[in-house]
Amino acid sequence: MSGKPKLYYFDGRGKMESIRWLLAAAGVEFEEEFLETREQYEKLLQGGSLLFQQVPMVEIDGMRMVQTRAILNYIAAKYNLYGKDLKERALIDMYVGGTDDLMGFILMFPFLSAEDKEKQRTIIVQKATSRYFPVYEKVLKDHGQDFLVGNNFSWADVHLLEAILMVEEKKPDVLSGFPQLQAFKARISSIPTIKKFLEPGSQRKPVPDDKYVETVRRVLCMYYDIKAN
Amino acid sequence: MSGKPRLTYLNGRGRMEPVRWLLAAAGVEFEEVYLETKEQYDKLIKDGFLLFQQVPLVEIDGMKMVQTRAILSYIAGKYNLYGKDLKERALIDMYVEGISDLMQMILMFPFSPPDAKEKNLDSIKERATNRYFPVFEKVLKQHGQDFLVGNKFSWADVQLMEAILAVEEKVPAVLSGFPQLQVFKTKMSNVPTIKKFLQPGSPRKPPPDDHYVETVLKVFKK
């Protein structure tokens, strides 16, 4: 084993993308194994690597970790991106919970019918601009610091940047009412590890396309219709 | 303020029940405010209590905490139910997240349309017996200890106990293939704080009924 964390997932964003972001932000190099066939997935299952028979799975520090949130918590804590005490961790957890809910509206998007996609796009923008972005705008305005929590770069900042960029892909001018978030976006994007991750050739995955959807459906035998929330 | 944590939610299980379980298991007394009308909920939002306009809300240690996971992590951390180091925390997080996926199915069940209820019940039974319970049965069998992680009572044990009882309400014989879990259930029932929580008159809420479903739909109506 190389010592680097190894990610097992599809060659696409899905639930693994936040993990890629966080490792990259922490400056941690990682390897990836992409699931392309049902056989690969069944081999992983039979080998007992997937605790609850699901991916994401990350091999890290001798563990085969599953459950996205557990993996993210571990990485955040290990690389000091989880605040300095319980109360800062509480704030980070709350903020990440919000951006996670927001990105949850986008997660299922590629699997929706064309008609549902239009409806969902409206919902995503509405939730972003009326429920989520105003919260982070206010947090930044109120304390006037560069980072969301404790005047220190943390997981909450990484997750918020990821969410902003994802929503912008659906509506490019979505930050127009949010000057603090615009400045935040510019600042966090220029942090060296993040800047590197945003450059072509990094392990960041592109917007999911039909090929990605086909792969997921094939590997997971997930052929039923997904409805918008 | 009394100093006790104060929980704001509907008078029912929903997403707040794991918080009640964990506080009770930690021996922490708490107060509750029940949402009964849309006006109450709208007022909470207007007064700026709900960070993302949602409940659960737990006022604790000067914070207005929202996001169930954040609340549970804070309580677990504060009351030493989160393992002794990062790796134990990782195990607890994995176990708790898995159980939470199972509990999500139970959470949504009362709101499924009548013609989907039987299918959803079958899904709960299938997932519990094929995906989740076997994992914890194996964990307990392999290390032979009383508790899931680090030979010490933790959030993971509380969460598993809650899930076992919740599934049994729907599928009474569900533990029949799981001898370790049967023993675990008995042991957990005898932990003094849990024993107290399982007695009548505790803050534990009953299974959701039609009145609860109606109240949810009324309070959160758009």
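**Note on the predicted two-chain model**

1. B:Asn151 is partly exposed, because its relative accessibility is 49% (buried means under 20% relative accessible area, exposed over 50%, and partly exposed in between, with a 1.4 Å probe and protein chains only). This residue sits in the loop of chain B that runs between helix H5 (117-143) and helix H6 (155-170), where helices (H or I, at least four residues) and strands (E, at least two) are DSSP runs numbered from the N terminus. The backbone of B:Asn151 also deserves a look, since its phi is near 55°, a positive value in a residue other than glycine.

2. The model is predicted, so that local features need pLDDT of at least 70 and side-chain atom pairs count only at pLDDT 80 or more, whereas totals for chains, interfaces and linings use all residues. Residues are numbered from 1 along each chain as its sequence is written, chains are lettered from A and ligands numbered from 1 in the order in which they are written, and side-chain values use heavy atoms, with hydrogens and water left out.

3. A reader checking backbone geometry will find a cis peptide bond between A:Val55 and A:Pro56, with omega at about 10°. A:Pro56 belongs to the loop of chain A that links helix H2 (38-46) with strand S3 (57-60). In chain B, the bond from B:Val55 to B:Pro56 is cis, with omega near 10°, and B:Pro56 is placed in the loop between helix H2 (38-46) and strand S3 (57-60) of that chain.

4. Following chain A onward from that loop, S3(A) pairs with strand S4 (residues 63-66) in the antiparallel sense, over four bridges; two strands are taken to pair if DSSP finds at least two bridges between them. Within this pairing, A:Ile60 faces A:Met63 of S4(A). S3(A) and S4(A) make a hairpin that leaves two residues between the strands, and A:Asp61, in the turn, has a positive phi of about 50°.

5. In chain B, S3(B) is joined by four bridges to strand S4 (residues 63-66), and the two strands run antiparallel, with B:Leu57 opposite B:Val66 in S4(B). The hairpin of S3(B) and S4(B) has two residues between its strands, and B:Asp61 there takes a positive phi near 50°. S3(B) also pairs with strand S1 (residues 6-9) of chain B, in the antiparallel sense and over three bridges, and in that pairing B:Glu59 is the bridge partner of B:Arg6.

6. Is S3(B) covered on one face or both? Both faces are covered, since B:Leu57 and B:Glu59 on one side, and B:Val58 and B:Ile60 on the other, are all buried.

7. One charged residue that merits attention is B:Arg20, which lies in helix H1 (residues 17-25) of chain B. B:Arg20 counts as buried because its relative accessible area is 0%. Apart from neighbours within four places in sequence, its contacts (heavy atoms within 4.5 Å) include B:Tyr9, B:Arg13, B:Phe30, B:Glu32, B:Phe197 and B:Lys205; B:Leu7, B:Leu10, B:Gly12 and B:Pro203 are also in contact with B:Arg20.

8. Toward the end of chain A, the buried residues of H9(A) are A:Tyr212, A:Val213, A:Thr215, A:Val216, A:Arg217 and A:Val219, and the buried residues of this helix pack against strand S1 (6-9) and H2 of chain A. A:Cys221 belongs to the segment after helix H9 (210-220) of chain A. The phi of A:Cys221 is near 50°, which is positive although the residue is not glycine. A:Cys221 counts as partly exposed because its relative accessibility is 43%.

9. On the annotation side, the UniProt record, an unreviewed entry, lists "domain: GST N-terminal" for residues 3-83 of chain B; UniProt positions are given in the numbering used here, feature names are shortened, and annotations may be inferred rather than shown by experiment. In the model, residues 3-83 of chain B are 36% helix and 20% strand, with the end C-alpha atoms 26 Å apart. For chain A, the UniProt annotation "domain: GST C-terminal", also from an unreviewed entry, covers residues 85-209. Over residues 85-209 of chain A, the chain is 68% helix and 0% strand, and its end C-alpha atoms are 41 Å apart.
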